[in-house]
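User: Please take a close look at one part of this chain for me, beginning with a single residue and its contacts and working outward to the strands around it. I would like one connected account rather than a list.

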Amino acid sequence: MLSIAVDVRNTLGECPLWCERTRRLYWTDIEASELLALEEGTGAVMRWSLSERLGSFALTEQNNVLLRGFASRLAFYDLNSGLLTPVAPSPGDTATRIGDGRCDRTDNFVFGTMDDGYPVKVIGRFHRLNAATLTVETLALPDVAIPNSICFSPDGGTLYYCDSMQGRIMCCDYPSLRNQRVFAETEGSGAPDGCCVDAMGYLWNAEWGGSRVVRYRPDGTTAAILTSPGMQSTCPALAGEGFTRLYCTTASVGLTALSEYDGALLKAESDVSPGLPEKRFAAHLV
């Protein structure tokens, strides 16, 4: 069972990442154009106001610098100075924005773009920012409406991904992108949102509208279900000492009757297997 870690009232909380060096859990409130961080030692919440929406981001080898996937561009951001260093424009057009993203096991950043209008059209794609060249390539995966669930098996040989509108999580061999196949189908009213992978290679998926986080075995069968008091669970992260504390962001956007859990950062400290350190984007500022 998930409970409230911090009552932050996010509109669209997403992309929680644990930095074991600083002992901070970072996440974004996309619609509020804000980055947040929970300092585990003190319980303090830090906030950075941003010039535009932040869909996803990655840690780098510099503890004070993040690679950020803003709505319109990729850029390095210095948390101390606020300095923004552009890397590349979004590979989509003005009708799309950057959404979910995560580093692969060789330190490149894989991310999705999606329709920025409503109703959402199937014009999104999956892309990869190469750490060595800082160039973006579009991956040979199907177009999507809402790209999500981007994560990688512990050995880096499997990429997980989804179109949340399709109600199933996909996977393929990586980096070849061959053998594209259905990994798991969601059950009930929930749609697959963000994912993370633990040290055993099990995948944890937050279900938007499903009020739960599901742990899947590597063969796609369900191993465990954590009930969430927040209706719109968005993305889990395994964090803390030994990576044994599960956090999950939530969203309040679109809900007419809000509870204290909607938009809160949630946590669970039982029935959780150890996670893995997040890979860091290999390129860095000089």
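Analyst: In this predicted model, Leu35 touches Tyr26, Trp27, Met46, Arg47, Trp48, Leu50, Leu54, Phe57, Leu66, Arg68 and Leu79, leaving aside residues up to four places away in sequence. Leu35 also belongs to the largest nonpolar core, a set of 16 residues in which Tyr26, Leu35, Trp48, Phe57 and Leu79 are those with the most contacts inside the core. At least two residues of this core come from each of β2 (13-19), β4, β6 (54-59), β7 (65-70) and β8 (73-78). A second core, separate from this one and made of 15 residues, includes Leu67, Ile98, Cys103 and Phe109.

The strand to look at next is β4, which spans residues 34-39 and is mostly covered, with 5 of its 6 residues buried. On one side of the account stands its partner β3, residues 24-29, which pairs with β4 in the antiparallel sense over 6 bridges. Within this pairing, Leu25 of the chain stands opposite Leu38 in β4. The two strands β3 and β4 form a hairpin with 4 residues between them, and the turn contains Ser33, whose phi is positive at about 50°.

Ser33 deserves a closer look, and some background helps here. Most residues other than glycine have a negative phi, and most peptide bonds are trans. Ser33, by contrast, has a positive phi, near 50°, in a residue other than glycine. Ser33 is found in the loop between β3 and β4, and it counts as buried because its relative accessible area is 17%, where the cut-off for buried is under 20%.

The other partner of β4 is β5, residues 45-49, and these two strands pair in the antiparallel sense over 5 bridges. Here the bridge partner of Glu34 is Ser49 in β5. Like β3 and β4, the strands β4 and β5 form a hairpin, this one with 5 residues between them, and its turn holds Gly43 with a positive phi of about 80°.

A few backbone features elsewhere in the chain can be set beside the turn at Ser33. Ser211 has a positive phi of about 55° although it is not a glycine, and its place is in the loop between β19 (203-208) and β20 (212-216). Ser211 counts as partly exposed because its relative accessibility is 24%, whereas Ser33 is buried at 17%.

Two cis peptide bonds can be added to this picture. One joins Tyr118 and Pro119, with omega about 0°, and Pro119 lies in the loop between β11 (109-115) and β12 (125-129). Another joins Tyr174 and Pro175, with omega about 10°, and Pro175 is found in the loop between β16 (168-173) and β17.

The loop that follows β17 (181-185) and leads to β18 (191-197) contains Gly188. Gly188 counts as exposed because its relative accessibility is 72%, and the cut-off for exposed is over 50%. From C-alpha to C-alpha, Gly188 and Thr94 are 34 Å apart in space, and they are 94 residues apart in sequence.

To return to the starting point, Leu35 is among the residues with the most contacts inside the largest nonpolar core, and β4 is one of the strands that each supply at least two residues to that core. β4 pairs in the antiparallel sense with β3 and with β5.

Definitions and conventions: Residues are numbered from 1 along each chain as its sequence is written. This is a predicted model: local features need pLDDT of at least 70, side-chain atom pairs count only at pLDDT 80 or more; totals for chains, interfaces and linings use all residues. Side-chain values use heavy atoms; hydrogens and water are left out. Buried means under 20% relative accessible area, exposed over 50%, partly exposed in between (1.4 Å probe, protein chains only). Two strands pair if DSSP finds at least two bridges between them. A nonpolar core is a set of buried Ala, Val, Leu, Ile, Met, Phe, Trp, Tyr and Cys residues joined through side-chain atoms within 4.5 Å. Contact means heavy atoms within 4.5 Å.
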